[in-house]
Structures are given as C-alpha cells and as structure tokens.
Amino acid sequence: MKTILKIFTICLFAISTYSPCFAIDSLNLPTHTIKGKFEAVSDGLIVIKEKGVNKTYIRTDNPFDIYSDYIIYKSSPFSKETQSSPCKVVFVDTFNVKIKLPNSSNIEIPRYRIKDLEINIKN
C-alpha cells in the first residue's frame, strides 16, 4: 500500500509541475483571435493547432511594432512566482520558446514554464 501511495504522489507531483504546458496560447489577428496550441513559430511562419486542425499564418516584420507579443512565464520550475513582459516571439517548438525582450536580451524558456503566450499579427 505504501508503494502505491508513493507512486501516486510522484505522479500527482509530476502532473501539477508540468500543468502550465497545457495552457492555451493565443494568436491575435486583425479580425479575430485564435486560441489553441502553437506547434511551431520561426522566421515569420506561425503554425497553431485549433481544435485538432493545424492553421498556418505568416507574420511580416514591422520595424515600428517589434515587441507586440506578450508572455507570462514562471521564474523557476518549482516557483509559483510569474514574470510577464512584452516581447517578440522568435522561435517556438515542442520543448522551447525563444523570445527577444525590449532591453535587447534574448531568453530561451522551457515550454512547460510558459503560462500564457500571445502573438499579435497586425497588418
């Protein structure tokens, strides 16, 4: 019985630790917002999965509106403290998110620490 309780406790801890990776991502278009999960973002190509369907969008660089995206992430893996910032999302894949902040620093964050990721496409 103690072994089963230990296994259950470890599984519960693992699920609660990685639960932010199940957060819904947002893609804000000029006409509407799509909520889903980003499959990939790189070089202006954005692939988001909405209700099981992959949708692809292209974002062009706008020199006047560089940091139009927004991110909320946990400051450390086991902390409940979050940080948020406007940013430019440079790269997203299954495990990592790379962003560029307004102070010109680049940050790579593991995907499970992301609580909210919002990408804006404006024409």
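**Exercise 1. Work out which residues are linked in a network of salt bridges, and place Arg 111 and its partner in the fold.**

Start with the network itself: Asp 25, Lys 37 and Arg 111 are linked by salt bridges (a salt bridge being a side-chain nitrogen of Lys or Arg within 4 Å of a carboxyl oxygen of Asp or Glu). Keep in mind that this is a predicted model, where local features need pLDDT of at least 70, side-chain atom pairs count only at pLDDT 80 or more, and totals for chains, interfaces and linings use all residues. Residues are numbered from 1 along each chain as its sequence is written, and side-chain values use heavy atoms, with hydrogens and water left out.

Next, take the pair Arg 111 and Asp 25: their closest N and O atoms are 2.9 Å apart. Arg 111 sits in the loop between strand 8 (106–110) and strand 9, while Asp 25 belongs to strand 1 (residues 25–28), so this salt bridge ties together parts 86 residues apart in sequence. Strands here are DSSP runs of E, at least two residues long, numbered from the N terminus.

Finally, check burial. Both Arg 111 and Asp 25 are buried (buried is under 20% relative accessible area, exposed is over 50%, partly exposed is in between, with a 1.4 Å probe and protein chains only).

**Exercise 2. A search of the whole structure finds five salt bridges. Compare the surroundings of Arg 59–Asp 69 with those of Lys 88–Asp 61.**

First pair: the closest N and O atoms of Arg 59 and Asp 69 are 2.8 Å apart. Arg 59 lies in the loop between strand 4 (53–58) and strand 5, and Asp 69 in strand 5, so parts ten residues apart in sequence are tied together. Arg 59 counts as buried at 15% relative accessibility, and Asp 69 is buried too, at 1%.

Second pair: Lys 88 and Asp 61 meet at 3.4 Å, N to O. Lys 88 is in strand 6 and Asp 61 in the loop between strand 4 and strand 5, 27 residues apart. Lys 88 is partly exposed at 24%, whereas Asp 61 is exposed at 65%.

**Exercise 3. Find which residues have the most contacts inside the largest nonpolar core, then list what Val 89 touches.**

The core has 20 residues, and Leu 27, Phe 38, Ile 71, Val 89 and Ile 99 have the most contacts inside it. A nonpolar core is a set of buried Ala, Val, Leu, Ile, Met, Phe, Trp, Tyr and Cys residues joined through side-chain atoms within 4.5 Å. Among the strands that each supply at least two of its residues are strand 2 (33–42), strand 6 (82–92) and strand 7 (96–100).

Now Val 89: leaving out residues up to four places away in sequence, Val 89 touches Val 41, Arg 59, Asp 69, Lys 98, Ile 99, Leu 117 and Ile 119 (contact means heavy atoms within 4.5 Å). Spot Arg 59 and Asp 69 in that list: they're the salt-bridged pair from Exercise 2.

**Exercise 4. Describe how strand 3 and strand 4 pair.**

The two strands run antiparallel over six bridges (strands pair if DSSP finds at least two bridges between them). Leu 45 stands opposite Ile 58 in strand 4. The strands form a hairpin with two residues between them, and Lys 51 in the turn has a positive phi of about 55°.

Notes
Helix = DSSP H or I, 4+ residues; strand = E, 2+ residues; numbered from the N terminus.
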